[in-house]
Amino acid sequence: MRRLLQNNNGQLYVSQLVTRYVSNSGAGSALHNPQKDQRKHQQPKTTTKSDVSKGDKHCSKYCMGLVEKYDYENYLSTLLLPKELRPAAFALRAFNVEISRSVGAQISEPQIAKMRLKFWYDSIDKCFEPEGSKSYVKDQPVLRELKRTIGARRINKIYLRRLVTARERSSNQAFETLRELEDYADQTCSSLLHLLVELSDVKDLQVDHAASHLGKAQGIAMLLRAIPHAGRQQSVCVPLEVLVKHGVSQERILRSDRTDKGVEECVFEVASVANSHLKLARQMLPQVPRQVRKIFLPAVATEGYLERLRRSQFL
């Protein structure tokens, strides 16, 4: 897995979208004409429609840049969505990126991570408040874009909350069973796919099943890819029941010795679960309406990683 990680580093591209507005006009006129300056300050400042559109455009670009920097594969798949769904999809994925980044300090500062998650959880209700209510949402670009998405389309609040509550799990808490691992992947990845399906206004049981299976496959694959990044204080994604079955410790998983057959069997068993969900999602694809099939494009990257993992003997 470490060799796979090294080979893929060159495919990641980071773009920073930073716009600075510097305006020096009127600086000298206020000194030469104080009455004009006084009248200017007496008039209340109003926000025009053009100002609002510029702000929304900046928030949309910010969300795109955030997803491109931290979730490049899903950034590429989102670019291929229909134009009318693209801004809302980037808003949802940017919200998911912000939540994922919030738990980055769980090892050194777990209380700060909890406070960040509490902020994002409370912000969901703020985004569902009426348009005229005052809150901090308009000052945060991701929340502002998310609120605009919620105002234009019907979004299930439950899926947004699941994205946050799933991350409350401590990073040093090991998964006990494969079912527990699947549930975590379902809450983190499948919930986001369900939200993307809701953007297209499609209500179909087969679509929901396909999104659930693909989310589980994608989530498990992402956890396997994170093993080389895991620190000594973090637990790996291989459940305890699999480790006990093959007599392997988490330390051996982290070392990833190419001659360790026990580690190979453990990773193979977890990867097989992801592959099974991916196959089920592909089998349901013919019954999925064409207008939502592009939402399932992350299956391409998931299948590619599992295939590369197989060729490297699951190490």
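A residue counts as buried when its relative accessible area is under 20%. Tyr75 has a relative accessible area of 10%, so Tyr75 is buried. The same limit is applied throughout this report on a predicted model.

**Overall make-up**

The chain has 15 helices and zero strands. Of its 315 residues, 44% are buried. Among contacts with a separation of 6 or more, 72% join residues 24 or more positions apart.

**Aromatic pairs**

Seven aromatic pairs occur in the structure. One of them joins Tyr75 and Phe90. Their ring centres lie 5.7 Å apart, with 45° between the planes, and the pair is tilted. Tyr75 belongs to helix α5 (residues 72-79) and Phe90 to helix α6 (residues 86-102). The two are 15 residues apart, and the pair links distant parts of the chain. Phe90 is buried because its relative accessibility is 2%.

Phe119 and Trp120 make an edge-to-face pair, because their planes stand at 70° and their ring centres are 5.0 Å apart. Trp120 is buried at 6% relative accessible area, whereas Phe119 is partly exposed at 32%. Both rings belong to one aromatic cluster with Phe95 and Tyr136.

Burial values for residues discussed in this report are collected here.

| Residue | Relative accessible area | Class |
|---|---|---|
| Tyr75 | 10% | buried |
| Phe90 | 2% | buried |
| Phe119 | 32% | partly exposed |
| Trp120 | 6% | buried |
| Ser200 | 17% | buried |
| Val207 | 0% | buried |

**The nonpolar core**

In soluble globular proteins, nonpolar side chains tend to be buried together. The largest nonpolar core here holds 81 residues. Phe95, Leu160, Leu224 and Ile253 touch the most other members. Phe95 is also part of the aromatic cluster.

Which residues does Leu160 contact, leaving aside its neighbours within four places in sequence? They are Leu92, Phe95, Ile124, Phe128, Ile150, Ile155 and Leu195. Phe128 has a charged partner as well: the charged end of Lys157 sits over the Phe128 ring, 4.9 Å from its centre.

**Around α10 and α11**

Ser200 is in the loop between α10 (178-199) and α11. Is Ser200 buried or exposed? Its relative accessible area is 17%, so Ser200 is buried. Beyond its neighbours within four places in sequence, Ser200 contacts Leu85, Val292 and Ile295.

Val207 is a residue of helix α11 (residues 205-225). Its relative accessibility is 0%, so Val207 is buried. Outside its neighbours within four places in sequence, Val207 contacts Val197, Val202, Val288, Pro289, Val292 and Phe296. Val292 thus appears in the contacts of both Ser200 and Val207. Val207 and Leu285 are 78 residues apart along the chain, yet 8.2 Å separates their C-alpha atoms.

**Internal space**

Rolling a probe the size of a water molecule over the atoms shows where empty space is left. How many cavities of 30 Å³ or more are there? The count is one. The largest cavity has about 40 Å³ of space. Its lining consists of Ser77, Thr78, Leu81, Arg93, Leu196, Lys294, Ile295 and Pro298. Ile295 in this lining is also one of the contacts of Ser200.

Definitions and conventions
Residues numbered from 1 in each chain as written. Predicted model: local features only at pLDDT ≥ 70, side-chain atom pairs only at ≥ 80, totals over all residues. Heavy atoms only, no water. Helix = DSSP H or I, 4+ residues; strand = E, 2+ residues; numbered from the N terminus. Buried < 20%, exposed > 50% of the residue type's maximum accessible area, 1.4 Å probe, protein only. Contact = heavy atoms within 4.5 Å. Core = buried A, V, L, I, M, F, W, Y, C linked by side-chain atoms within 4.5 Å. Phe/Tyr/Trp six-rings, centres within 6.5 Å; stacked < 30°, edge-to-face > 60°. Lys NZ or Arg CZ within 6 Å of the ring centre and 35° of its normal. 1 Å grid on protein atoms, 1.4 Å probe; cavity = no way out; pocket = protein on both sides within 12 Å on 5 of 7 lines; lining within 4 Å. Points joined across faces, edges and corners; volume = space filled by probe spheres on them.
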